[in-house]
Amino acid sequence: MLRLMLPPLPPTPPHHHQQQQQEMQLPTKELMPAQRNCLQPAVIYQATVTRKRHQPTETYIGLTANDFKTRYSNHMSSFRHAKNRNSTELSKHVWTLKENNINYSIAWRILSSHLPYNSSSKRCNLCLKEKFLIICRPELSTLNKRNELVSSCRHRNKALLRNN
């Protein structure tokens, strides 16, 4: 369940009830990155979680071989459904904030785009760049766990299956 902590609306006449309900719904498009390339595949992105009342921000770096819009939708689903609360470090953090009734906002941005696993070079530039950013730019990824660095490329099997 996604709880939105919105300021109370001023009293309105009864005929404005429908408009009032629409104002309380959080439009998804405002959370999406303003960049035009949200449909671009194979991107590395960053989510910045800002707590209200100027508390420290936390950042998360992720990647997707699919388009960012699909990955964003999956993240939003993990914020709404408790069964997916442990799917990423970002969702764990968001659920912790929600359980403690802490207001927050998430800003998304695409950092870069790289090719996923290539069977001829036997490299996945997408995974390598994500690991590089986590190691060399830790301020961009305060929520990421260091054990993510030793995980194998999940794009390799897909590329190998495609070539058989």
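**Figure 1. Overview of the predicted protein chain.** The protein chain exposes about 10,800 Å², and carbon and sulfur atoms supply 52% of that area. The model shown here and in the following views is a predicted one. Its secondary structure amounts to six helices and three strands, which follow one another from the N terminus in the order α-α-β-β-α-α-β-α-α. Of the 164 residues in the protein chain, 33% count as buried. Among the contacts with a separation of 6 or more, 62% join residues that are 24 or more positions apart.

**Figure 2. Pairing of strand S1 with strands S2 and S3.** Strand S1 spans residues 41–51, and strand S2 spans residues 57–67; the two pair in the antiparallel sense over nine bridges. Within this pairing, Tyr45 has Gly62 of S2 as its bridge partner. S1 also pairs with S3, again in the antiparallel sense and over nine bridges, and here the bridge partner of Arg51 is Tyr104 of S3. S1 is mostly covered, with eight of its eleven residues buried. In a regular strand, the side chains alternate between the two faces of the sheet.

**Figure 3. Helix H3 and its N-terminal polar contact.** Helix H3, covering residues 68–80, has 13 residues and reaches 19 Å from its first C-alpha to its last, which is close to the 18 Å expected at 1.5 Å a residue. At the start of H3, a side-chain oxygen of Asp67 comes to within 3.2 Å of the backbone nitrogen of Lys69. The buried residues of the helix are Phe68, Arg71, Tyr72, His75, Met76, Ser77, Ser78 and Phe79. An α-helix has 3.6 residues a turn, so residues three or four places apart point the same way.

**Figure 4. Helix H4 within its surroundings.** Helix H4 is made up of residues 89–99, and because eight of these eleven residues are buried, the helix is largely enclosed by the rest of the structure. The buried positions are Glu89, Leu90, Ser91, His93, Val94, Trp95, Leu97 and Lys98. These buried residues of H4 pack against strands S1 and S2, helix H3 and strand S3, the last of which covers residues 104–113. H4 is followed by Asn101, whose phi is positive, near 55 degrees.

**Figure 5. The nonpolar cores, with Leu90 in close-up.** The largest nonpolar core has 18 residues, and those with the most contacts inside it are Phe68, Phe79, Leu90, Ile106 and Trp108. The elements that contribute two or more residues to this core are S1, H3, H4 and S3. Leaving out residues up to four places away in sequence, Leu90 touches Ala47, Val49, Tyr60, His75, Phe79, Trp108 and Leu143. Apart from the largest core lies another, of ten residues, which includes Ala42, Cys124, Leu126 and Leu133.

**Figure 6. The environment of His155.** His155 is found in the loop between helix H5, residues 125–136, and helix H6, residues 156–162. Although placed in a loop, His155 counts as buried because its relative accessibility is 10%, where the cut-off for a buried residue is under 20%. When its neighbours within four places in sequence are set aside, the residues in contact with His155 are Leu63, Ala65, Pro116, Tyr117, Cys124, Leu126 and Cys127. Two of these contact residues, Cys124 and Leu126, are also among the members of the ten-residue core.

Key
Residues numbered from 1 in each chain as written. Predicted model: local features only at pLDDT ≥ 70, side-chain atom pairs only at ≥ 80, totals over all residues. Heavy atoms only, no water. Helix = DSSP H or I, 4+ residues; strand = E, 2+ residues; numbered from the N terminus. Buried < 20%, exposed > 50% of the residue type's maximum accessible area, 1.4 Å probe, protein only. Contact = heavy atoms within 4.5 Å. Areas by Shrake-Rupley, 256 points an atom, 1.4 Å probe, with all protein chains shown as cover. Core = buried A, V, L, I, M, F, W, Y, C linked by side-chain atoms within 4.5 Å. Expected span 1.5 Å × (residues − 1). Polar contact = N/O pair within 3.5 Å; in protein donor to acceptor, adjacent residues only side chain to side chain. Pairing = 2+ DSSP bridges.
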